[in-house]
Every structure is written in C-alpha cells, then in structure tokens.
Amino acid sequence: MFRQPGGHVVRALTIAGSDSGGGAGIQADLKTLHQFGVYGMCAITALTAQNTHGVQDIQAVPASFVQQQLESVLTDLGADAVKTGMLASADIIHTVADVLEAHAVQHLVVDPVMVAKGGAPLLQPDAVDALKARLFPLAAVVTPNLPEAQALCGYPIRDLADAKRAARDLAQSGVPIVVIKGGHAADGRPNDAVDIIYDSGTQTFTSLVSPRVPSRKTHGTGCTFSSAVTALLARGEAPLTAIAMAKAFVFEAIDRAKDWDVGSGHGPTDHTAPANTSLLVPPAPLQHGSSYVYRDGTWTVHASPPAGL
Ligand SMILES: Nc1ncnc2c1ncn2[C@@H]1O[C@H](COP(=O)(O)OP(=O)(O)O)[C@@H](O)[C@H]1O
Ligand SMILES: Cc1ncc(COP(=O)(O)O)c(N)n1
C-alpha cells in the first residue's frame with residue numbers, strides 16, 4: 001500500500017452502485033484503487049444485476065443505509081479522497097452531500113453517472129439538478145462523459161468548441177476542474193480519444209489525447225478513470241497530473257483487454273494494467289492550456305490543440 005511520508009496508509013472511499021459483472025461500479029473502483037496501491041472502501045447506493053449485455057435489474061439501497069455506511073467508514077477509517085459514481089436518486093444525492101459536508105471531505109471526484117453503456121438509466125431524471133446543486137460545489141473534479149455533459153448542460157455537444165463551452169458552463173456550479181471525457185465521440189471513426197480539461201482557477205483548457213482502441217470492451221471505463229484520479233489525488237498528486245495518469249491507465253486497461261473473452265457483449269477492461277510505473281507519468285509539471293498526447297507508452301506535448309473530439 002502507498003504511504004505518505006510519516007507512514008499514513010493512503011485510503012479512498014467510493015460511493016457507487018454494485019455491478020455484478022465486475023467491470024464497472026464499485027467493483028471497478030475497488031480494483032482500480034487497489035492497483036494504485038490505495039486502500040479502498042465503499043458505500044453501496046444500489047445493487048445492479050448486470051453483465052456485458054446490459055442491466056437486467058436494479059435494487060435501490062435506502063438513503064438511510066447509504067448514510068450509515070458513510071458514517072461507519074468516515075468515523076473510523078477516514079478517507080484521503082472520495083469519489084461518487086452511480087447515485088441512483090435525488091434522495092441519496094442529498095444524503096451523500098449532507099454527510100460529505102459534515103465530514104469536510106477533501107478531494108471529492110464526482111463522476112455524474114446517468115446511463116449505462118447499454119442504455120439502462122442509472123440515475124432518476126429528476127436527480128440531475130440535485131447532482132449539480134449539492135455535489136458539484138463540493139467536488140475537486142467532475143468527470144462527465146459526452147451524454148452526461150449534454151444532459152447537465154441541456155444542449156448538444158458535437159465538437160471541440162461545444163465541449164469547451166460545456167466544461168466552462170459546468171464549472172459555474174463551483175467546480176475547480178471539469179473533465180469532459182470523449183469516449184463516446186467515436187461514431188465509428190478511427191479517431192483519437194480526446195478528453196478536455198477546464199481549470200476554473202487558471203481559466204484554461206488542457207487536452208489529453210490517446211489513440212482510440214478499436215474495441216467494444218469499454219464497460220466501466222468512466223468508473224476506472226474517475227477511480228484512478230481519486231487514487232492519485234489521495235496520494236497527493238496535482239489534479240492535472242492525476243487526470244493525465246488516469247487517462248494513460250485507462251488506455252492501457254482497454255488495450256490489454258481488447259482480445260479478452262470475458263462476456264460476449266461490452267466486456268470489461270484489464271484493471272491489472274500497470275499503475276505504478278513511470279509509463280503513466282506525463283512530462284512534469286503539466287502546463288495548463290497545452291495539449292498532451294499519450295502514444296506507445298509515452299506522453300508528448302503538442303503545440304496545437306486536437307482537431308476534434
Ligand atoms: N476506445 C477507447 N480507446 C481509448 N480510450 C478510450 C476509449 N473509450 C474511452 N476511452 C477513454 O476512457 C475514459 C473514460 O471515458 P468514457 O468512456 O467516455 O467514460 P464513460 O464510461 O463514463 O462513458 C476517457 O479517458 C476516454 O477518453
Ligand atoms: C453500477 C454501475 N455503475 C456505473 C456504470 C457505468 O459504466 P458504463 O458507462 O461503462 O456502463 C454501470 N454500468 N454500472
């Protein structure tokens with residue numbers, strides 16, 4: 001386990017739904033935290049019966065029991081960073097926000113999970129406003145994918161300019177760093193996977209680019225990405241560095257699983273991808289406002305921003 005100077009074992013808490021298929025949700029989160037050498041804990045918001053073909057059923061967890069799980073963990077073990085994934089309902093969002101406020105939690109990563117890749121709704125539609133009003137102001141980093149950013153902003157995101165507008169608009173809810181993830185932008189094009197970061201402190205956009213792995217096995221990529229960011233924030237990395245290392249980790253996790261036979265639908269990624277090597281580390285320190293490309297295990301700075309999403 002990763003330790004701070006002084007011996008403190010680094011720990012992180014995920015508040016999310018359970019994926020029985022093991023590729024997304026709590027299961028992806030704990031695997032990722034472990035891979036980064038961070039002690040992982042969880043508060044489960046919903047149980048899903050799920051596989052690589054979709055979500056077959058959902059059992060909600062009462063908000064009062066979510067609260068109890070959070071209190072149990074935070075009053076004893078504590079967390080150096082916290083992430084949220086599937087929160088299911090407005091009730092649970094309010095409860096989570098109340099507890100996180102009361103415990104003055106630092107380094108909160110909010111992954112505003114709304115719909116599974118197969119199309120199943122994972123958040124009640126009336127809960128979107130609660131997410132923005134209650135959790136975004138507590139977050140250090142918010143990580144919507146393109147459909148989530150569209151739902152949160154209320155307008156279509158078709159290109160890089162739209163993604164930048166969305167990131168800036170979402171930061172208005174009091175979020176220091178917004179990452180618009182470009183995993184959904186493929187439309188069959190063999191393009192790159194481009195993530196746009198907006199830092200409201202410096203008011204700059206930084207883009208992170210990797211090749212797009214031609215694979216359907218991307219179940220849980222968002223959970224894996226936000227958990228890697230959480231682990232690295234817990235370890236004390238600067239946010240931009242954490243986000244870049246997380247992107248490189250997810251690329252490696254997708255790449256290593258592309259020929260896996262785990263399920264016959266949208267399969268999971270390989271959480272044993274290397275997490276603690278210099279491979280993931282970008283040219284430090286990252287410059288706000290620049291564009292970085294991760295290719296063949298190396299980060300390089302690019303003078304010009306990416307051409308598109
Ligand atoms: N086929 C792919 N190849 C490389 N990177 C990908 C691919 N699909 C998604 N990513 C990356 O995975 C991360 C999660 O993005 P995304 O899949 O959009 O999230 P979500 O699971 O929330 O929909 C982002 O860094 C994105 O760029
Ligand atoms: C419990 C749970 N949480 C999150 C996701 C989103 O993951 P994806 O977008 O890859 O389907 C999921 N499918 N299930």
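These questions and answers walk through a predicted model, from its sheet to its helices and ligands.

Student: In what order do the 11 strands of the open sheet lie?
Tutor: The sheet is open and its pairing is mixed. Its edge strands, each pairing on one side only, are β3 (54-60) and β11 (298-302). Read from one edge to the other, the order is β3-β2-β1-β4-β5-β6-β7-β8-β9-β10-β11.

Student: Do β1 and β4 run parallel or antiparallel?
Tutor: Strands of a sheet pair through backbone hydrogen bonds, either parallel or antiparallel. A12 has A81 as its bridge partner in β4. Four bridges join β1 to β4, and the two strands run parallel.

Student: Which residue of β5 stands opposite V82?
Tutor: β4 and β5 run parallel, joined by three bridges. Opposite V82, in β5, stands L108.

Student: Which residues of β4 point the other way from A81 and K83?
Tutor: In a regular strand the side chains alternate between the two faces of the sheet. A81 and K83 point one way from β4, and all the residues on both sides are buried. Pointing the other way are V82 and T84.

Student: How many bridges join β8 to β9?
Tutor: These two strands run antiparallel. One bridge partner pair is Y198 with F205, the latter in β9. The hairpin of β8 and β9 has four residues between the strands, and Q203 takes a positive phi near 55° there. The number of bridges joining β8 to β9 is eight.

Student: Which residue of β8 is the bridge partner of I180?
Tutor: β7 (residues 177-180) and β8 (residues 192-199) pair over four bridges. Their sense is antiparallel. In β8, the partner of I180 is I196.

Student: In what sense does β9 pair with β10?
Tutor: β9 (residues 204-211) is mostly covered, with six of its eight residues buried. V209 stands opposite V293 in β10. β9 and β10 (residues 291-295) share three bridges, and their sense is parallel.

Student: How many of the 11 residues of helix α1 are buried?
Tutor: Helix α1 spans residues 25-35 and is mostly covered. The buried residues include G25, I26, L30 and L33. Their cover includes β1 (11-19), β2 (39-51), β4 (81-84) and α7. The number of buried residues in α1 is 10.

Student: Which residue with a positive phi follows α1?
Tutor: Its phi is near 75°. The residue is G37.

Student: Are α3 and α4 roughly parallel or roughly antiparallel?
Tutor: Two packed helices are described by the angle between their axes and the distance between the axes. For α3 (residues 90-102) and α4 (residues 128-135), the angle is about 5° and the axes are 9 Å apart. Angles under 35 degrees count as roughly parallel. So α3 and α4 are roughly parallel.

Student: Which residues of α4 make the contact with α3?
Tutor: From α3 come A90, I93, H94 and A97. The contact of α3 with α4 has six nonpolar, one polar and one charged residue. From α4 come A130, L131, R134 and L135.

Student: Is A88 buried or exposed?
Tutor: A88 lies in the loop between β4 and α3. Its phi is positive, about 70°, although A88 is not a glycine. A residue counts as buried with 20 or more other C-beta atoms within 10 Å. A88 has 23 C-beta neighbours inside 10 Å, so A88 is buried.

Student: Where is H107 placed?
Tutor: H107 has a positive phi of about 55° although it is not a glycine. H107 has 21 other C-beta atoms within 10 Å, so it is buried. Its place is the loop between α3 and β5 (108-110).

Student: Which element supplies the largest share of the shell around ligand 1?
Tutor: Ligand 1 is surrounded by 19 residues, the closest being N145, K181, G183, A193 and G222. By class, six are nonpolar, nine polar and four charged. β8, α7 (221-234) and α8 (239-257) each supply at least two of the shell residues. The largest share, four residues, comes from α8.

Student: Which residues are closest to ligand 2?
Tutor: The shell around ligand 2 divides into seven nonpolar, nine polar and two charged residues. β1, β2 and α7 each supply at least two residues of this shell. Of the 18 residues around ligand 2, the closest are G17, A24, G25, A116 and K117.

Technical notes. Residues numbered from 1 in each chain as written. Chains lettered and ligands numbered in written order. Predicted model: local features only at pLDDT ≥ 70, side-chain atom pairs only at ≥ 80, totals over all residues. Pairing = 2+ DSSP bridges. Near = placed C-beta within 6 Å. Nonpolar A, V, L, I, M, F, W, Y, C, P; charged D, E, K, R; others polar. Buried ≥ 20, exposed ≤ 12 C-beta atoms within 10 Å, placed from the backbone. Contact = placed C-beta atoms within 7 Å. Axes fitted to C-alpha atoms, helices over the stretch in contact; angles between N-to-C directions. Parallel < 35°, antiparallel > 145°, perpendicular 65-115°, else oblique.
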